[in-house]
Amino acid sequence: MSDQRTVLDFRAVLAAMPLPCWLLDANLVVVAVSDALLRLTGRSRAELVDRPVSLSFPTNPAQPNAPTEGGPLTDSVARALASGRTDVIPRMRHDIEYPVGSGIYVERWWALTNSPMFDAVGHALVLSTVSDISEAVHGELARRESERREEQLIEHTQRLESDLDERRRQVAELSAAEEQVGRRLQGLAFVALELAAADTVEELTDLVVVRGVAAMGCDGGGVAVRDDDDGVVRLTITDTRREGQRLRQEMPMTAHLPSVVSAIVPEPIYLGNRDEGYAWGDEMHLVYATSGCDAWASLPLLAEGRQLGSLTVSWVEPRVFTDGEKELLSAFAAQCAQALQRIQAREAEREATISSRLLSESLQRSLLTDPAQPEHLQLVARYLPATREAYVGGDWYDSFELSDGDTMLVIGDVAGHDRMATASMAQIRGVLRGVAHSLDGSPAQVLTGLDHALRDLDVDALATAVLARVERDAQLTVRGDQTSSIRLLRWSNAGHPPPIVLRPDGSGELLDSEPELLLGLMPATARTDHELLLEPGMTLLLYTDGLVERRGETLTHGLEWLRHRVEALSGLPLSSLCDSLLGELPTDAEDDVALLAIRCLTLDDSGEEIAKTRIERTFSVDPDGDERTAPARRQDVSLVLPPDHGAVRRARSFVEQHCRQAGYPEAVVETVVLLTSETVTNAFIHGRSEARLRLVMRPDRVRVEVGDDNSRHPQRAERQDDALDGRGLDILDLASSSWGVKDDIAGKIVWFEVLPRR
């Protein structure tokens, strides 16, 4: 058997051992010890080496069941030497006298591992590794004693309590629990009804923390929403103890916080006290320090298999979550998930609708070209889209010169308020131009030819229109030192609201006539021409029905309103008159408006136009003769826009009116209006607050600033050819001279500049 044993140098072994251990011979005499054992036992090497273990560590006479002879150590060493294998003593009590010779013993518990070996000359030895397990044993014994005492106390209490008292207590507890559950269920039922009406995540959060959290007896709560595109979770928390103070935080999806983890992993998290929170993650230290709440619960918001975010609630006091509470929280989280899914779907639909509307408006505006500007006539055109989302129409205006120099004026309205109406309008407008140039007839003849062309080209649309022709040749009259021209106006009306003429004395007149059929009904119908002499200073106004139709009012009332307003505004320049009329429309107007105004100008002695009446062409000239845009000094105006349906329309009208009055070229005005519409729309979609619009006009540039409450900077969307939204930054890149984003105390400001071309 000796050939199977390993002969070792015991001193080398002990020198390498960091553990408490000693080397014993077959008679339990200490041959050598490790420094770790000396520290553990409080003995010196001289007190142990070459001495029997029984003398170095005598048995405590007061120790219960202490062995008088031998003992576990003696038996274990004997087994190890006899078998040649390691023998383990998992637990052994042996008290230590400390200090030595004092007679005072300290209760100690040990675990020993005894391994046989031989020294260099073949003497049998045992390497005994010692572990002090006193603390663990004492804890276990204390726990057992505590459990035993608790069991005895419970048994004693149960014997003392009478059945009647127990039943009364149970009835009282059951009644209180039922009452509490009833109140919670009733409160959550009301919250569920209100969640169905929530339009934004902020509204949902307010309902959760103000009504839902209160119904469940919580002290705080919030909703976290996933944003997989940005790889973040956006958390909104409200503390009911601090008058609804709201905290918004954006965290990466890798953050180890309950609200984030529950938004990623579809499992609820319940932390009843701080110890459980600290064990769950180190990040909870900051949560406890800043919130003052001890108990937390985070539940995933799941809807149709999609993980939308999480619901988080908290309590100031620690708590034990019962199965009933968990079921109630799960039911409330399911209601929140359904509401959040509906809100996100509605917001996505709203964004798509606004983008679609902007695309349709851009298409419609691209068809409404700048009006012609013949000599001695001033033409001003305006188009104002409806306020309702995705509500485009077929209203249009047009003016163009014929080969003989006469000017054609068109105002029309295709039936319908969708993209089909816009497409039909584009067809009719193009066909009308072609018929007018090829036929060279009166307005009635051109409309009849248009009717036939629409039938032959299979254009399935109905439209109203007024077509007018202003003759180039005019009769000149001289009054004092001024030369005036009187022109002949011929027009024909196909079922459209009548034109209105404003005379130099400020009186207005509706050019009403017998109604005739709409275009697209009966090509063979007879149409009539009407005539009017246009004297210098007279103004003709062509418009669509959106200018005069009001809900709950007759068309006659609207026409009279227009006549009176035109008379009241007769002293204004033509562009200001048009802008003032549009500015008086209701903010919730449901129809788009096209407007075309013509004013006859006077001539001076040299036959040139009086430039001061041409508001649309106001420029200043430098000594070298190059034109540059007005204004000659800086102008700064502002407008606050609440987030309602008419806000974008008011923003466009605001910047358009001020830029036109400042005298910027038409191309600059249209670019500023387009970019303002896009920027304000994005402020409402992503900022979800009021929009603060600032317009700064300088001789060399136009600057627009739009502020909102969202500090998050806009992100460039991935380019997709079939996408209708997410292209706002591309539009700014293409149309503006420069743009950027700057932080503001209230959120952020998106700005852009447009430089007029020289």
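**View 1. Met92 and Trp110 are bridge partners across β3 and β6.** In this predicted model, the residue facing Met92 is Trp110 of β6. The two strands, β3 and β6, are antiparallel and share five bridges. β3 covers residues 87-93 and β6 covers residues 109-118.

**View 2. β3 and β6 belong to an open sheet of five strands.** The strand order is β2-β1-β7-β6-β3, and the pairing is antiparallel. Which strands stand at the edges? They are β2 (30-33) and β3. Each has a single partner strand, so one side of each lacks a neighbour in the sheet. From one strand to the next, the twist averages 25°.

**View 3. β1 is covered on both faces.** This strand spans residues 21-25. Five of its five residues are buried. Cys21, Leu23 and Asp25 lie on one side. Trp22 and Leu24 lie on the other. In a regular strand, side chains alternate between the two faces of the sheet.

**View 4. β1 pairs with β7 and with β2.** With β7, the strand β1 runs antiparallel and forms five bridges. Leu23 sits opposite Leu127 of β7. With β2, the pairing is again antiparallel, over three bridges. Here Trp22 has Val33 of β2 as its bridge partner. How many residues lie between the strands in the hairpin of β1 and β2? There are four, and in this hairpin Leu28 has a positive phi near 65°.

**View 5. Met17 sits in the loop between α1 and β1.** Helix α1 covers residues 10-16. Is Met17 buried, partly exposed or exposed? Met17 is partly exposed, because its relative accessible area is 25% and the partly exposed range runs between under 20% for buried and over 50% for exposed. Beyond its neighbours within four places in sequence, Met17 touches Ser34 and Thr129. Val33 is 16 residues away from Met17 in sequence, and the two C-alpha atoms are 10.0 Å apart.

**View 6. Helix α5 lies across β1, β3, β6 and β7.** The helix takes in residues 72-83, twelve in number. From first C-alpha to last, α5 reaches 16 Å, close to the 16 Å expected. Its direction is at about 180° to that of β3. After the helix comes Gly84, with a positive phi of about 70°.

**View 7. The buried residues of α5 line one face.** Which residues of α5 are buried? They are Leu73, Ser76, Val77 and Ala80. Seen down the helix axis, the buried residues of α5 fall within an arc of 100°, so they line one face. An α-helix has 3.6 residues a turn, so residues three or four places apart point the same way. The cover over these residues of α5 includes β1, β3, β6 and β7. Helix α4 (53-56) is also part of that cover.

**View 8. Helix α11 has a buried side and an exposed one.** α11 covers residues 284-291. Met284, Val287, Tyr288 and Ser291 are its buried residues. These residues cover an arc of only 95° around the axis, which puts them on the same side of α11. On the other side, Leu286, Ala289 and Thr290 are exposed. What covers the buried residues of α11? The cover includes the helices α9 (258-264) and α10 (274-280). It also includes the strands β11 (269-271) and β12 (295-303). Gly292 follows α11 and has a positive phi, near 75°.

**View 9. Another open sheet of five strands has the order β14-β24-β23-β20-β21.** The pairing in this sheet is antiparallel. Its edge strands are β14 (377-384) and β21 (508-510), each paired on one side only. The twist here averages 15° from one strand to the next. β14 and β24 (593-600) run antiparallel and are joined by eight bridges. Across this pairing, Tyr383 stands opposite Ala594 of β24.

**View 10. Confidence varies along the chain.** The average pLDDT is 80, and 79% of the residues score at least 70. Over residues 604-630 the pLDDT is below 50. That stretch has 49 contacts in the model beyond near neighbours in sequence. Residues 719-726 also have a pLDDT below 50. Their stretch has eleven contacts beyond near neighbours in sequence. Where pLDDT is low, the predicted coordinates should not be read in detail.

Note on methods: Residues are numbered from 1 along each chain as its sequence is written. Side-chain values use heavy atoms; hydrogens and water are left out. The expected span of a helix is 1.5 Å times one less than its number of residues. Buried means under 20% relative accessible area, exposed over 50%, partly exposed in between (1.4 Å probe, protein chains only). The arc is that of the directions from the helix axis to the C-beta atoms. Contact means heavy atoms within 4.5 Å. pLDDT is the predictor's confidence in each residue, from 0 to 100. Two strands pair if DSSP finds at least two bridges between them. Axes are lines fitted to C-alpha atoms, for helices over the stretch in contact, and angles run from 0 to 180 degrees between N-to-C directions.
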